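The exercises below are meant to be worked through with the sequence and the structure side by side. Try each task before reading the solution under it.

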Amino acid sequence: MIGAYLLVSTASVLNRDPLVALLLAAVFGLVMGIVVYGALMRWLTGEAVLAAVLITIALGILLRGLSILIWTSQQFYPAAMFGWKNPSVHLLPGVQISAASLAIVVLTVVVYVGLFVFLQFTHWGIRMRAAGQNPLLAEQRGIRLHAVYCLCVGAFDLHGVARRYAAVA
């Protein structure tokens with residue numbers, strides 16, 4: 001949600017240049033995820049899972065309230081801000097889908113394939129899987145849990161920006 005509002009803000013400030021707006025919103029979302037991890041979530045490492053769940057729910061409620069205060073509850077359409085249209089795409093005879101919906105499907109497949117490749121074949125992906133399965137053993141084997149968790153929170157915010165960008169395109 002914050003990533004989408006950051007996209008609207010950067011798009012309105014940058015004369016509606018979509019690529020620069022998306023890049024800045026992604027960077028701001030990544031920084032926000034790292035700050036949230038450093039300020040809140042880092043201290044919950046090793047605590048009960050319920051504590052982390054309650055903190056993230058409270059943070060979500062706080063962010064929703066702040067977003068209404070900052071951006072109002074009005075709906076924004078970044079695609080309209082960029083002057084993009086949403087034409088129908090004919091897939092088969094009698095079957096059509098909007099271009100935005102098709103973009104969401106394609107982006108979802110690309111993100112999931114990329115996530116699978118990342119988690120299966122990269123060092124950081126293997127570290128993330130190890131930290132998720134057994135944090136104590138992973139830390140004993142030299143994996144820095146805070147670095148892995150920080151990357152997870154930041155990547156989640158970055159994914160949120162991309163997903164919302166595709167949803168409104």
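**Exercise 1. The chain as a whole**

How many helices and how many strands does the chain have?

*Solution.* This is a predicted model, and its chain has eight helices and two strands. Reading from the N terminus, the elements follow the order α-α-α-α-β-β-α-α-α-α. Of the 169 residues in the chain, 24% are buried. The chain exposes about 11100 Å², and carbon and sulfur atoms supply 70% of that area. Among contacts between residues at least 6 apart in sequence, 53% join residues at least 24 apart.

**Exercise 2. The length and the sides of helix α2**

Work out what span is expected of helix α2 (residues 18-39), compare it with the model, and then find where its buried residues lie.

*Solution.* Begin with the length: helix α2 has 22 residues, and at 1.5 Å a residue, counting one less than the number of residues, the expected span is 32 Å. The end C-alpha atoms of α2 are 31 Å apart, which agrees with that expectation.

Next, list the buried residues of α2, which are P18, A21, A25, A26, G29, G33, V36 and Y37. They cover an arc of only 135 degrees around the axis, and therefore they lie on the same side of α2. A general rule helps here: an α-helix has 3.6 residues a turn, so residues three or four places apart point the same way. Finally, turn to the face of α2 directed away from the buried side, where the exposed residues L23 and V35 are found.

**Exercise 3. Aromatic pairs**

Find the aromatic pairs in the whole structure, and decide for each whether it is stacked or edge-to-face.

*Solution.* A search of the whole structure gives two aromatic pairs. In one of them, Y5 and W71 are stacked, with 4.8 Å from centre to centre and 5 degrees between the planes. Because Y5 belongs to helix α1 (residues 2-13) and W71 to helix α3 (residues 49-71), this pair ties together parts that are 66 residues apart in sequence. Y5 is buried, with a relative accessible area of 16%, and W71 is buried as well, at 17%.

The other pair, F116 and F121, is edge-to-face, with 6.5 Å from centre to centre and 85 degrees between the planes. Both F116 and F121 are exposed.

**Exercise 4. A serine in helix α3**

Is S67 buried or exposed, and which residues does S67 contact beyond its neighbours within four places in sequence?

*Solution.* S67 is found in helix α3. Its relative accessibility is 3%, so S67 counts as buried, the cut-off being under 20%. Leaving aside the neighbours within four places in sequence, S67 is in contact with M1, I2, Y5 and T72.

Key:
Residues are numbered from 1 along each chain as its sequence is written. This is a predicted model: local features need pLDDT of at least 70, side-chain atom pairs count only at pLDDT 80 or more; totals for chains, interfaces and linings use all residues. Side-chain values use heavy atoms; hydrogens and water are left out. Helices (H or I, at least four residues) and strands (E, at least two) are DSSP runs, numbered from the N terminus. Buried means under 20% relative accessible area, exposed over 50%, partly exposed in between (1.4 Å probe, protein chains only). The arc is that of the directions from the helix axis to the C-beta atoms. Rings of Phe, Tyr and Trp (its six-membered ring) pair if their centres lie within 6.5 Å; planes under 30 degrees apart count as stacked, over 60 as edge-to-face and the rest as tilted. Contact means heavy atoms within 4.5 Å. Accessible areas come from the Shrake-Rupley method with a 1.4 Å probe; for residues, only the protein chains shown count as cover.
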